[in-house]
Amino acid sequence: MRKRTGNFIITGIWVLLFIVFTVLVQVLDVHSIGPQSSSVGFATVNSMVHELVGVHDLWYSITSWLGFVPLATAAVFAVTGFIQMIRRRSLFKVDTSIIVLGIFYAVTIAVYVIFEFYIVNYRPILIDGYLEASYPSSHTMLACCFMAAAMLECGILVKDRTVNIIVRVVSLVIMVVLVVGRLLSGAHWFTDIIGGLLVSGALIMGLYSVLCILPENSGHSRRAKDKKRSRRSRRY
């Protein structure tokens with residue numbers, strides 16, 4: 001019980017850190033250093049990092065295409081849940097962890113949409129001649145959230161240790177490449193990446209906290225029943 005309570009407290013701390021950092025980005029060292037004189041917080045640090053890193057179209061292209069991988073993992077689990085719903089003839093009989101994962105995806109996308117409308121700052125470069133919202137880095141957020149979620153969910157659904165190790169290694173590599181690559185591309189300010197990591201930490205920790213309070217081996221008894229049914233159907 002203490003561990004579960006501790007998980008939610010840590011989640012709250014991540015949320016608080018993201019909120020505080022987001023406020024600071026909008027009030028500290030704000031100067032018009034962006035394209036079309038757009039204002040950016042932590043201007044000194046952001047300007048220094050951006051000048052040091054520069055703009056690299058190759059990294060922008062790599063991260064743009066690689067960004068489809070986290071979305072693909074979400075599609076895999078969505079299909080898994082849909083198949084379970086069809087076989088068990090009820091949405092409420094789908095593994096609880098998959099339902100929780102679906103809610104997590106919805107919350108993550110909602111956060112993304114919110115910051116598309118509530119613009120903290122714009123990108124350090126123009127995209128097709130237009131200013132685009134830049135905070136928090138959506139690629140950072142989606143990569144960290146969706147790949148970390150894939151690791152957690154795979155650990156629940158798959159009992160093969162080797163498979164889980166492979167999933168974790170691949171997921172971590174994709175996360176690192178996307179986060180670092182997005183910074184190297186020059187498409188985001190340094191604080192956009194930090195903001196993306198903070199909101200990801202909050203969302204991931206929230207998912208982990210909820211998964212920890214689910215009954216142990218949630219869903220495995222249902223899958224065992226599914227196997228028995230399939231065996232019976234084969235006999236007949």
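Ring pairs join Phe18, Phe21, Phe42, Phe115, Tyr118 and Tyr135 into a cluster, and this group of rings is a friendly place to start looking at the model, which is a predicted one. The structure contains nine aromatic pairs. One of them is formed by Phe18 and Phe115, whose rings meet edge-to-face, with 5.7 Å from centre to centre and 75° between the planes. This pair connects distant parts of the chain: Phe18 belongs to helix 1 (residues 2–27) and Phe115 to helix 5 (residues 96–117), 97 residues apart. Both partners can be checked for burial. Phe18 has a relative accessible area of 10% and is buried; Phe115, at 11%, is buried as well.

Two further members of the ring cluster have backbone features worth a look. Phe42 sits in the loop between strand 2 (39–40) and helix 2 (43–53), and its phi is positive, near 50°, in a residue other than glycine. Tyr135 is joined to Pro136 by a cis peptide bond, with omega at about -15°. Pro136 is placed in the loop between helix 5 and helix 6 (138–157). As background, most residues other than glycine have a negative phi, and most peptide bonds are trans. A positive phi also appears at Asp29, where the value is about 50° although the residue is not a glycine. Asp29 is located in the loop between helix 1 and strand 1 (31–32). With a relative accessible area of 29%, Asp29 is partly exposed.

Stepping back to the whole protein, the secondary structure amounts to nine helices and two strands. Read from the N terminus, the order of elements is α-β-β-α-α-α-α-α-α-α-α. The C-alpha trace spans about 70 × 40 × 30 Å along its principal axes. Of the 236 residues, 42% count as buried. Among contacts with a separation of 6 or more, 76% are between residues 24 or more positions apart.

Helix 7 (residues 161–185) and helix 8 show how two of these elements pack. Their axes are 9 Å apart and make an angle of about 160°. An angle over 145° counts as roughly antiparallel, and helix 7 and helix 8 are therefore roughly antiparallel to each other. The crossing of helix 7 past helix 8 is right-handed. On the helix 7 side the contact is made by Val179, Arg182 and Leu183, and on the helix 8 side by Phe190, Ile193 and Leu197.

A proline inside a helix offers another stop on the tour. Pro70 is part of helix 4 (residues 68–88), and how buried or exposed is Pro70? Its relative accessibility is 1%, so Pro70 counts as buried. Leaving aside residues up to four places away in sequence, Pro70 touches Leu142, Ala143, Phe146, Met147 and Leu178. Between Pro70 and Tyr112, which are 42 residues apart in sequence, the C-alpha to C-alpha distance is 15 Å.

Finally, confidence in the prediction can be compared along the chain. The mean pLDDT of the protein is 87, and 90% of its residues reach 70 or more. Among the elements, helix 8 (residues 190–212) has the highest mean pLDDT, 94, while helix 9 (residues 220–235) has the lowest, 49. Over residues 224–228 the pLDDT is below 50, and this stretch has one contact in the model beyond near neighbours in sequence.

Technical notes: Residues numbered from 1 in each chain as written. Predicted model: local features only at pLDDT ≥ 70, side-chain atom pairs only at ≥ 80, totals over all residues. Heavy atoms only, no water. Phe/Tyr/Trp six-rings, centres within 6.5 Å; stacked < 30°, edge-to-face > 60°. Helix = DSSP H or I, 4+ residues; strand = E, 2+ residues; numbered from the N terminus. Buried < 20%, exposed > 50% of the residue type's maximum accessible area, 1.4 Å probe, protein only. pLDDT = per-residue confidence, 0-100. Contact = heavy atoms within 4.5 Å. Axes fitted to C-alpha atoms, helices over the stretch in contact; angles between N-to-C directions. Parallel < 35°, antiparallel > 145°, perpendicular 65-115°, else oblique. Left-handed = near helix turned anticlockwise from the far one by under 90°.
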